[in-house]
Amino acid sequence: MDILKLSIDWAKAEIFSAKISLLLSLLFFLAALGFWQLGKTAMAKAFVWPMLAAGVLIVAVSAGLYFANKPRVTQFEIAYNTDAKAFVHAETARTAKSQNDLALVFKVLPLIIIAAALLIMFVNKPLWRAIGITTIAVMTILMFIDSNTDARNTAYHQHLLAEKQ
């Protein structure tokens, strides 16, 4: 398979993932709006700020994915046409580093979920419970996003390794 096409397809898939993440952030903003407008209980009102913060966090993740990968579509072609071997080597190193980073993410996010669950269990204040519940939702979504990124990255890395040989 043409490694350049594979690389560009990988970057486009990451851009698509960024757009899906942006849609997920919209759900958090809509939930915050709903709790603000329709919330009658203290618990419902407590969700407004955590949901807004979660929406902003996911927008930041989405923007990071988008702005990191959008330029790669054109950069890949230039780098590959300049020196194909160096391109494959650089991409192999980058994807290997990404695999290590994602392995760490899959250790940290569950720990944050556990801490948020403990917060819900032991703190009986509406705001703190809303923060805990929202944190669990956001970390779950981040794990969803990163699991797809990890799967794409692993497959891409394997193709790069095969190309090097």
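Here is a walk through the structure above, helix by helix and contact by contact. Keep in mind that this is a predicted model.

Let's start with helix α3, which covers residues 48–82. The helix has 35 residues, and from its first C-alpha to its last it reaches 51 Å. That is close to the 51 Å expected at 1.5 Å a residue. Follow α3 along and you'll come to Val73, where the helix bends by about 40°.

Which residues of α3 are buried? The list runs Val48, Pro50, Met51, Ala54, Gly55, Ile58, Ser62, Leu65, Asn69, Arg72, Val73 and Phe76. Notice that Val73, the site of the bend, is on that list too. As for what these buried residues pack against, look for α1 (3–38), α2 (42–46), α4 (84–122) and α5 (126–164).

Three residues of α3 are worth a stop. Take Ser62 to begin with, which lies in this helix. Its relative accessible area is 5%, and buried means under 20%, so Ser62 counts as buried. Leaving aside residues up to four places away in sequence, Ser62 touches Ala18, Lys19, Ser21 and Leu22. Now go to Ala60, also found in α3. Here the relative accessibility is 47%, which makes Ala60 partly exposed. Pick out Met143 as well: it sits 83 residues from Ala60 along the chain, and their C-alpha atoms are separated by 15 Å. The third stop is Asn81, again in α3. Is Asn81 buried or exposed? With a relative accessible area of 56%, Asn81 is exposed. Leu4 is 77 residues away from Asn81 along the chain, yet the C-alpha atoms of the two are separated by 9.1 Å.

On to helix α4. It has 39 residues, which at 1.5 Å a residue should span 57 Å. The C-alpha atoms at its ends are 56 Å apart, so the two values agree. The buried residues in α4 are Phe87, Val88, Glu91, Thr92, Arg94, Thr95, Leu102, Leu109, Ile113 and Ala116. What covers them includes α1, α3 and α5.

Two names on that list carry charged side chains that meet: Glu91 and Arg94 form a salt bridge, at 2.7 Å from N to O. They both lie in α4, three residues apart, which is about one turn of the helix. A bit of background helps here. An α-helix has 3.6 residues a turn, so residues three or four places apart point the same way. Side chains of opposite charge can pair when their charged atoms come close. Both partners in this bridge are buried, Glu91 as well as Arg94. Arg94 has 19% relative accessibility, and since the cut-off for buried is under 20%, Arg94 counts as buried. Setting aside residues up to four places away in sequence, Arg94 touches Trp10, Arg72, Phe76 and Tyr156. Two of those, Arg72 and Phe76, you've met already among the buried residues of α3.

How many salt bridges does the structure hold? There are four, and the Glu91 and Arg94 pair is one of them. Stay in α4 for another: Lys97 forms a salt bridge with Asp101, and their closest N and O atoms are 2.8 Å apart. Lys97 and Asp101 are four residues apart in the helix, so about one helical turn separates them. Asp101 has a relative accessible area of 37%, which makes this residue partly exposed.

For one more salt bridge, move to helix α1. Here the side chains of Lys5 and Asp9 meet at 2.8 Å, N to O. These two are also four residues apart, about one helical turn. Lys5 is partly exposed with a relative accessible area of 47%, and Asp9 is partly exposed with 35%.

Helix α1 has something else to show you. On the surface there is a nonpolar patch formed by Phe16, Ile20, Leu23, Leu26, Leu27, Leu30, Leu33, Trp36 and Phe144. Together these residues have about 940 Å² of accessible area. Which helix gives the most to the patch? That would be α1, with eight residues. Leu26 is one of the patch members, and you'll find it in α1. Its relative accessibility is 43%, so Leu26 counts as partly exposed.

Conventions. Residues numbered from 1 in each chain as written. Predicted model: local features only at pLDDT ≥ 70, side-chain atom pairs only at ≥ 80, totals over all residues. Heavy atoms only, no water. Expected span 1.5 Å × (residues − 1). Bend = angle between axes of the 7 residues up to and from the residue. Buried < 20%, exposed > 50% of the residue type's maximum accessible area, 1.4 Å probe, protein only. Contact = heavy atoms within 4.5 Å. Patch = residues over 30% accessible without salt bridge, like charges linked within 9 Å, V, L, I, M, F, W, Y side chains within 5 Å. Areas by Shrake-Rupley, 256 points an atom, 1.4 Å probe, with all protein chains shown as cover.
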